[in-house]
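Please open the model in your viewer and keep the sequence panel beside it, since each stop on this tour begins with something to select.

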Amino acid sequence: MRIDRLELFLCRLPLVHFFETSFGRTYDRSFVLARMEGDGHEGWGEAIAEGHPYYSGETTETVWHIVTSFLAPLVVGREFAHPREVFPAMTRVRTHNMAKALLEMTAWDLYARTRGEPLSAVLGGTRPRIQSGVSIGIQDSLDQLVDKVARERDAGYQRIKIKIKPGWDVDAVERVRARFGDIPLMVDANAAYRLEDGAHLARLDPFDLMMIEQPLDYDDVMDHAELQKAIVTPICLDESIHTVRIARDAIAAKACRIINIKPGRVGGHQQSIELHDLCAAHDIPVWHGGMLESGIGRAHNIHLASLPNFRLPGDIAASKRYYLPDLIEPGIEVAPDGTIAVPTGPGIGVNVVRERIEQVTERHVAIDARELAR
Ligand code: OSB
Ligand code: MG
């Protein structure tokens, strides 16, 4: 597979409903899309970096800078026997896994389309449908939260995740449990707590939560290990797991019992497969996270989530919860049983709507192998 040309699109889409985490409230989503050409085919990908550096230090602007100035010359105009070679080709550049993942994942789509196979098949996926859960942001009131949970449960989602932060935690969980009994429920703190909050977080233990996601800071493995000793609820790490090596250390330190995989966070599909396999070897269940992706990133996630150790429902929900219309046609749909079909066409297997992308593109660049060679 030779990558002849790369295009980047900086896009902004309004969200159907605002989304609030412990970082703040988002009304629209900025993201970078990539399109590659090679061997007479195209591939598409999406970076998970947001317009701000609150979930991660990377942003849409750092992705743009790192890809155009440093990563594109390592990838465009090069021949790869397999997309697993793309991430190693970029190791000279330190960190910036979201920028690397953008190119790596786009190359996987190109490769799968070149072979005429669905992405899931080339990634090693084994299931035809994935289990879908939802992530519900912080609301203006507990009544609104309960209404939202009711709506998503009725739509069939297999588990509910609610965002928490100091001041919006034990009461929120208590209300949801009181109203909905034993629905599969979990919470995500997005690093809003400190180890000193251990006694407070232990107050969540009676509510039989599936897990608490990322209670402490993004670079703090040892305090998570300490906290896990003080609470019964299993800890799941998200932000902390930016590389496969850190996952190895976190597992060894017993800092978590579950891991959330976002390919965009760890450098792409190949790193995700390695993380998935590492977790399987240690009997750590994984589930697929989400970052309010458009249909392009969402389709990539669905294919990856078809691997066997994705044993828990992920944050991969229907397009209509996020963007109307989406950048793909038809949008991703969730069946009444809370599952999503893995697309069976070549590559990510969804129709990318070019006109819609052009409408929401604020900046575009094309990088051609011939120009780089000069
Ligand atoms: O922590 O999982 C997270 C969205 C943006 C940034 C971080 C996170 C999230 C979500 C939303 O939880 C998941 C989704 O519905 O895409
Ligand atoms: Mg999270």
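Before selecting anything, note that this is a predicted model.

**Stop one: ligand 1.** Start with ligand 1 and display its surroundings, where you will find 16 residues, the closest being Ser 135, Lys 163, Asn 190, Leu 292 and Tyr 322. If you then colour this shell by residue class, it divides into five nonpolar, three polar and eight charged residues. Colouring by domain instead shows that domain 1 (5-116 + 352-372) and domain 2 (122-350) each supply at least three residues to the shell.

Next, draw distances from the oxygen atoms of ligand 1. A polar side-chain atom of Ser 135 lies 3.0 Å from one oxygen atom of the ligand, an N or O atom in the side chain of Asp 188 is 3.0 Å from an oxygen atom of the ligand, and a polar backbone atom of Met 291 is 3.3 Å from an oxygen atom of the ligand. How much of the accessible area of ligand 1 does the protein cover? Of the 390 Å² that ligand 1 has on its own, 99% is covered by the protein.

**Stop two: the magnesium ion.** Keep Asp 188 on display and select ligand 2, the magnesium ion, whose protein donors are Asp 188 (OD), Glu 213 (OE) and Asp 238 (OD), at 2.1 to 2.3 Å from the ion. In the sequence panel, these donors follow the spacing D-x24-E-x24-D. Asp 188 belongs to strand E7 (residues 185-188) and Glu 213 to strand E8 (residues 212-213), so this pair ties together parts that are 25 residues apart in sequence.

**Stop three: the parallel sheet.** Extend the selection from E7 and E8 to the whole open sheet, whose seven strands are ordered E5-E6-E7-E8-E9-E10-E11 and pair in parallel. Which strands stand at its edges? They are strand E5 (134-136) and strand E11 (286-288), each of which has a single partner strand, so one side of each is left without a neighbour in the sheet. For a closer view of one pairing, select strand E9 (residues 235-237) and strand E10 (residues 258-261), which are joined in the parallel sense over two bridges, and look for Cys 236 opposite Ile 258 in E10.

**Stop four: the antiparallel hairpins.** Now go to strand E1 (residues 5-21) and strand E2 (residues 24-38), which run antiparallel and are joined by 13 bridges; Pro 14, for instance, has Asp 28 in E2 as its bridge partner. The two strands form a hairpin with two residues between them. Moving on along the chain, E2 also pairs with strand E3 (residues 41-46), again in the antiparallel sense, over six bridges, and here Met 36 stands opposite Gly 43 in E3. E2 and E3 likewise form a hairpin with two residues between them, and Asp 39 in this turn has a positive phi of about 50°.

**Stop five: backbone details.** Most residues other than glycine have a negative phi, and most peptide bonds are trans. With that in mind, select Thr 95, a residue other than glycine with a positive phi near 50°, in the loop between helix H2 (86-89) and helix H3 (97-115). Then display the cis peptide bond that joins Leu 324 and Pro 325, with omega about -5°; Pro 325 is in the loop between helix H12 (295-304) and strand E12 (328-329). End at the cis peptide bond between Glu 329 and Pro 330, where omega is also about -5°, with Pro 330 placed in the loop between E12 and strand E13 (339-341).

Notes
Residues are numbered from 1 along each chain as its sequence is written. Chains are lettered from A and ligands numbered from 1 in the order in which they are written. This is a predicted model: local features need pLDDT of at least 70, side-chain atom pairs count only at pLDDT 80 or more; totals for chains, interfaces and linings use all residues. Side-chain values use heavy atoms; hydrogens and water are left out. A residue is near a molecule or strand if one of its heavy atoms lies within 4 Å of it. A polar contact is a pair of N or O atoms within 3.5 Å; within protein, one must be able to donate a hydrogen and the other to accept it, and residues adjacent in sequence count only if both atoms are side-chain atoms. Accessible areas come from the Shrake-Rupley method with a 1.4 Å probe; for residues, only the protein chains shown count as cover. Ala, Val, Leu, Ile, Met, Phe, Trp, Tyr, Cys and Pro count as nonpolar, Asp, Glu, Lys and Arg as charged, and the others, Gly among them, as polar. Domain bounds come from an automatic or database domain assignment. Two strands pair if DSSP finds at least two bridges between them. Helices (H or I, at least four residues) and strands (E, at least two) are DSSP runs, numbered from the N terminus. Donors are N, O and S atoms within 2.8 Å of the metal (3.2 Å for Na, K and Ca); water is not among the atoms, so sites may look incomplete.
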